[in-house]
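This report describes one protein chain, starting from a single helix and moving outward to the fold and to selected residues. The structure is shown first.

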Amino acid sequence: MSLRTTRRTLMMGAAATLALPAYIRRTNAQTTIRVAGVHASPVENAWNSRIHLAMQEAAASGLIEYEFSEGVAATDYPRAMREYAESGAQLVWGEAYAVEREAREVAADYPETAFLMGSSGAAEGENFGVFGTRNHEAAYLAGMLAGAMSETGTFGSVGGYPIPEVNLLINAFRMGVTEVNPDATFLNGFIGAWFDPARAQEMAIAQIDQGADVLFGERIGTADGAQARGVKAIGSLIDYTPRYPETVFANAIWNYGPTIEAIVADIQAGNPVGRDYTEYSFMQYGGNELIYVADMVPAEAVPAMEAKQAMIQSGEFEVPIDASEPA
């Protein structure tokens, strides 16, 4: 399917402003920013859905105008970025994990356009900003609850790919478990896809068959396996509890709104955006949070978790970032 047939548009707030000759000269703080999103996966995918929702909310508030394409293949990705830049988008949002070199080449060709890319690499120049997913603090807290719930002492996790952003999340969950259950045993698997619920379910069931009775679902489909086998699960990025009310007891939620606000403020002020925006995913900015079902977790496990949460929010405790591949 072509880019033009997949493109849908949400236009709210003031009309888009004319592009100025150089990015750095954009200083009108009253300008509504025109944002174009290039989603490699469907926007229903958990990770993309959090960004998509935050963009919609920012558009509804009048902060931005938002248009997007979804399901854009890696081979078509640079062209989609270029089309949006040439159409006058002031900020092109994307995910460069599979197209790092190509995405950076596009940004270099359009210095008057700001780019914000999910990336494992560093920012570049004045107009290529990056961000990473950081709901690891909430995953750590979820692990603390999980550590008090397991009967077998074996915990499973299902991820997409062993990239740093995924690894650090699973490792943070494990750290939280270990804080309250030092003798815990861990199982882990990667499905080799960002969206393959059937494969994730299959891997989850395999881990349950090996003794895991609490699963961390970095990928959609993990909770399906837990539900099928009657064990508990933790969701990541979005709230899975309504869909799995007897299975999912906690969710490590990612909120992308603070990141959008930060880069829009930079664009409005005429500041270079060639920096790392990952920090705005941290709990102290409201970038991630733990939600849990009180009736499903042991009451005695909550005070220690809440005490640690307060320490994270105040900066007294930093959840370690371990980006190595989980064993």
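## Helix α5 and its surroundings

In this predicted model, the buried residues of α5 are His-136, Glu-137, Ala-138, Ala-139, Tyr-140, Leu-141, Ala-142, Gly-143, Met-144, Leu-145, Ala-146 and Gly-147. That is twelve of the twelve residues of α5, so the helix is largely enclosed by the rest of the structure. Helix α5 covers residues 136–147, and at 1.5 Å a residue it should span 16 Å; its end C-alpha atoms are 16 Å apart, which agrees.

## The chain as a whole

The protein chain contains ten helices and twelve strands. Its radius of gyration is 20 Å, close to the 20 Å that the globule rule gives for 327 residues, so the chain is as compact as a globular protein of that length. Along the principal axes, the C-alpha atoms occupy a box of roughly 65 × 45 × 30 Å.

Of the 327 residues, 57% are buried. Among contacts with a separation of 6 or more, 70% join residues that are 24 or more positions apart. The accessible surface amounts to about 13,100 Å², and carbon and sulfur atoms account for 51% of that surface. The charged side chains number 20 positive and 41 negative, with the centres of the two sets 7 Å apart.

## Helices α9 and α8

Helix α9 runs over residues 257–269, which is 13 residues, and extends 18 Å from its first C-alpha to its last, close to the 18 Å expected at 1.5 Å a residue. Its buried residues are Pro-258, Thr-259, Ile-260, Ala-262, Ile-263, Val-264, Asp-266, Ile-267 and Gln-268. The buried residues of α9 pack against four strands and a helix, namely β2 (33–38), β3 (64–69), β4 (91–95), β5 (114–118) and α2 (46–60). Just after α9 comes Gly-270, with a positive phi of about 80°.

Helix α8 spans residues 222–229, and its buried residues include Thr-222, Ala-223, Asp-224, Gly-225 and Ala-226. Among the elements that cover the buried residues of α8 are β7, α7, β9 (214–217), β10 and β11 (248–254). Gly-230 follows α8 and has a positive phi, near 75°.

## A positive phi outside glycine

Which residue has a positive phi although it is not a glycine? Leu-237 does, at about 80°. Most residues other than glycine have a negative phi. Leu-237 lies in strand β10, residues 232–237, and counts as buried because its relative accessibility is 3%, where the cut-off is under 20%.

## Residues linking distant parts of the chain

Three residues are listed here with a partner that is remote in sequence.

| Residue | Partner | Separation in sequence | C-alpha distance |
|---|---|---|---|
| Val-158 | Gly-217 | 59 residues | 5.5 Å |
| Trp-194 | Tyr-161 | 33 residues | 7.5 Å |
| Leu-63 | Thr-31 | 32 residues | 8.4 Å |

Val-158 belongs to strand β7, residues 154–159. With 1% relative accessibility, Val-158 counts as buried. Neighbours within four places in sequence aside, the contacts of Val-158 are Asn-188, Gly-189, Ile-191, Ala-200, Met-203, Ala-204, Gln-207, Phe-216, Gly-217, Glu-218, Arg-219 and Thr-222. One of these contacts, Thr-222, is also among the buried residues of α8.

Trp-194 sits in the loop between β8 (185–190) and α7 (197–209). Is Trp-194 buried or partly exposed? Its relative accessible area is 25%, so Trp-194 is partly exposed. Not counting residues up to four places away in sequence, Trp-194 touches Ser-41, Asn-45, Gly-160, Tyr-161, Ile-163, Val-166 and Arg-219. Arg-219 is thus a contact of both Trp-194 and Val-158.

Leu-63 is placed in the loop between α2 and β3. Leu-63 is partly exposed as well, with a relative accessible area of 23%. Beyond residues up to four places away in sequence, Leu-63 is in contact with Thr-32, Ile-33, Ala-58, Ile-260, Glu-261, Val-264 and Gln-268. Of these contacts, Ile-260, Val-264 and Gln-268 are among the buried residues of α9.

Note on methods
Residues numbered from 1 in each chain as written. Heavy atoms only, no water. Helix = DSSP H or I, 4+ residues; strand = E, 2+ residues; numbered from the N terminus. Rg over C-alpha atoms; globule rule 2.2 N^0.38 Å. Buried < 20%, exposed > 50% of the residue type's maximum accessible area, 1.4 Å probe, protein only. Contact = heavy atoms within 4.5 Å. Areas by Shrake-Rupley, 256 points an atom, 1.4 Å probe, with all protein chains shown as cover. Lys, Arg positive; Asp, Glu negative; His and termini not counted. Charge placed at Lys NZ, Arg CZ, Asp CG, Glu CD. Expected span 1.5 Å × (residues − 1).
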